[in-house]
Amino acid sequence: MDGTPDPEEFRAEARHWLAGAAKARTARQEWGRGDDSVAVFENRTEAEEREHTDRTREWERTRYDHGWGALDWPKEYGGRELPTYYEQLYRVEEAAFEVPRRTEIFPVTQQLVAPAIRIWGTDQQKQRWLRPMLRTDELACQLFSETEAGSDLAAVRTRAVPDGEGWILRGHKIWTSGAKVATWGVAVCRTDPDAPKHAGITVFLVRMDAPGVTVRPIRQMTGGSSFNEVHLDDVFVPDTDRLGPVGEGWRVTLTVLAAERLDSGGLGLDNADRALELARYLPRPLTGGEQQQAADLFVRSLVQRLIGLRVTAALVAGRAPGAEASVGKLHATATMRATTDLVQQLLGPRLAADTGEWGTFAWTEHLLGAPGYRIAGGSDEIQRTILAERVLGLPKEPKGGGS
């Protein structure tokens with residue numbers, strides 16, 4: 001396609017292609033039937049995760065091969081060089097069709113890792129990784145968090161020591177989604193322990209099947225294992241797999257984190273809508289307090305969608321969203337808490353007992369999972385600090401804290 005199509009023309013073209021490539025969803029699901037899952041984190045076995053990943057990968061390859069993947073990327077990488085928000089226009093149309101739901105590793109690969117490689121990678125690295133990642137032939141996970149570092153990612157202790165034509169990595173990462181199905185892991189490592197903590201960091205792409213890489217699932221309160229811990233025991237990584245200059249890894253990491261926060265603004269909206277449906281179909285009149293809670297959740301959901309439009313508008317204007325991304329992340333976690341509060345009030349004891357009744361006990365998955373997003377993607381405290389320093393202009397707290 002030459003030039004940028006009109007948005008409505010683009011959406012019509014997307015609908016036409018989707019109609020020939022996927023099955024249209026039926027009208028709105030009838031309340032009380034079908035899947036009642038409202039899980040925040042997936043609750044699949046390893047075999048189920050691999051099977052779902054394969055089905056999703058097949059669909060993403062079909063999109064890419066027919067010109068509907070990598071929409072805002074240059075043509076040399078299989079893209080169409082469209083404005084960024086056209087991806088969101090496409091997603092609106094795709095939602096009307098029965099296609100596999102993307103698990104976290106897909107946006108991590110396509111929207112976080114691939115753009116970081118585009119910015120920081122060498123020409124050889126771009127040729128090597130970008131098309132396979134955009135097409136999802138290869139998938140990538142984030143080897144960022146560590147138990148000792150908490151939300152202070154610059155305090156990582158995983159070491160990378162020079163060794164001939166490469167590096168030896170030793171350390172332990174945690175809370176890694178998709179580690180069992182990923183081809184690569186983006187590892188944030190300390191290469192200079194004597195430098196100030198933000199200056200002594202380097203980023204590497206690590207083969208997840210390399211000798212010395214061990215992935216162990218972490219069992220969640222819900223019973224699932226969406227997350228993993230990853231041990232790096234003397235893992236050799238060639239220097240050709242280093243992303244960005246030695247010691248400049250903090251800047252590389254910020255590129256990934258910025259994209260992660262942009263992607264978190266839509267968190268929980270489906271479950272918020274489902275909670276409002278629960279209030280609508282509850283077999284008793286709502287109390288005055290419940291009506292107020294439901295109205296509050298409806299308004300919060302609307303505001304969250306409007307914040308998403310602000311983020312899109314920033315992208316359309318050609319600038320990277322700053323405050324909008326942090327505000328969106330904070331608002332998303334608040335919406336998730338409000339969803340839990342309303343459901344607890346509506347269901348009462350029915351939430352806590354697995355009687356087999358549709359749309360009741362299933363909500364425990366949301367109740368137990370939602371608090372995790374106060375930490376994931378940058379904790380609420382980190383987002384407030386960003387807004388305090390970069391928007392309000394408040395001074396940074398002196399080292400050592402205050403009284």
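These are my notebook entries on salt bridges, aromatic rings, one threonine and one strand in this structure.

**Entry 1: what I am looking at**

I am working from a predicted model, so every value below is computed from predicted coordinates.

**Entry 2: salt bridges**

I started with the charged side chains and searched the whole structure, which gave 27 salt bridges. I then looked up a few of them one by one.

Glu51 pairs with Arg55, and their closest N and O atoms are 2.9 Å apart. I checked where they sit: both belong to helix H2 (residues 46–65), four residues apart, or about one turn of the helix. Buried or exposed, I wondered, or something in between for Glu51? Glu51 comes out partly exposed at 41% relative accessible area, and Arg55 is partly exposed too, at 39%.

Next I went to Arg135, which bridges to Asp137 with 2.8 Å between the closest N and O atoms. Arg135 has a relative accessible area of 23%, so I put it down as partly exposed. Asp137 is at 30% and also counts as partly exposed.

The third one I pulled up joins the side chains of Arg350 and Glu357, at 2.5 Å from N to O. Arg350 is partly exposed at 32% relative accessibility, and Glu357 is partly exposed at 38%.

Which residues are linked in a network of salt bridges? I found Glu60, Arg63, Glu87, Arg91 and Glu94 tied together that way.

**Entry 3: rings**

I moved on to the aromatics and counted 12 aromatic pairs. I picked out Trp175 and Phe227, which meet edge-to-face, with 6.2 Å from centre to centre and 90° between the planes. This pair links distant parts of the chain: Trp175 is in strand S5 (residues 166–177) and Phe227 in strand S9 (residues 227–238), 52 residues apart. Phe227 has 15% relative accessibility; the cut-off for buried is under 20%, so I logged Phe227 as buried.

I also came across a cluster held together by ring pairs, made of Phe10, Trp17, Trp59, Trp68, Tyr85, Tyr86 and Tyr90.

Then I looked for charges over rings. Arg118 lies over the face of Trp73, 4.9 Å from the ring centre. Arg207 does likewise over Trp184, at 5.1 Å from the ring centre.

**Entry 4: Thr109**

I wanted a closer look at Thr109, which is in helix H4 (residues 105–120). Its relative accessible area is 0%, so I have it down as buried. What does Thr109 touch, leaving out residues up to four places away in sequence? I listed Ala114, Met133, Glu138, Leu139 and Ala140. With Ala140 there is a polar contact to note: a polar atom of the Thr109 side chain lies 2.8 Å from the backbone nitrogen of Ala140.

**Entry 5: strand S5 and its partners**

I came back to S5, the strand that holds Trp175. Why do I call S5 largely enclosed by the rest of the structure? Because nine of its 12 residues are buried.

On the S4 side, strand S4 (residues 159–163) pairs with S5 in the antiparallel sense over five bridges. I traced one of these and found Val161 bridged to Ile168 in S5. The hairpin of S4 and S5 has two residues between the strands, and I noted that Gly164 takes a positive phi near 60° there.

On the S9 side, S5 and S9 run antiparallel and are joined by nine bridges. Here I found Thr176 standing opposite Asn228 in S9. The Trp175 and Phe227 ring pair from Entry 3 also connects S5 with S9.

Conventions
Residues are numbered from 1 along each chain as its sequence is written. This is a predicted model: local features need pLDDT of at least 70, side-chain atom pairs count only at pLDDT 80 or more; totals for chains, interfaces and linings use all residues. Side-chain values use heavy atoms; hydrogens and water are left out. A salt bridge is a side-chain nitrogen of Lys or Arg within 4 Å of a carboxyl oxygen of Asp or Glu. Buried means under 20% relative accessible area, exposed over 50%, partly exposed in between (1.4 Å probe, protein chains only). Rings of Phe, Tyr and Trp (its six-membered ring) pair if their centres lie within 6.5 Å; planes under 30 degrees apart count as stacked, over 60 as edge-to-face and the rest as tilted. A charge sits over a ring if NZ of Lys or CZ of Arg is within 6 Å of the ring centre and within 35 degrees of the ring normal. A polar contact is a pair of N or O atoms within 3.5 Å; within protein, one must be able to donate a hydrogen and the other to accept it, and residues adjacent in sequence count only if both atoms are side-chain atoms. Contact means heavy atoms within 4.5 Å. Two strands pair if DSSP finds at least two bridges between them.
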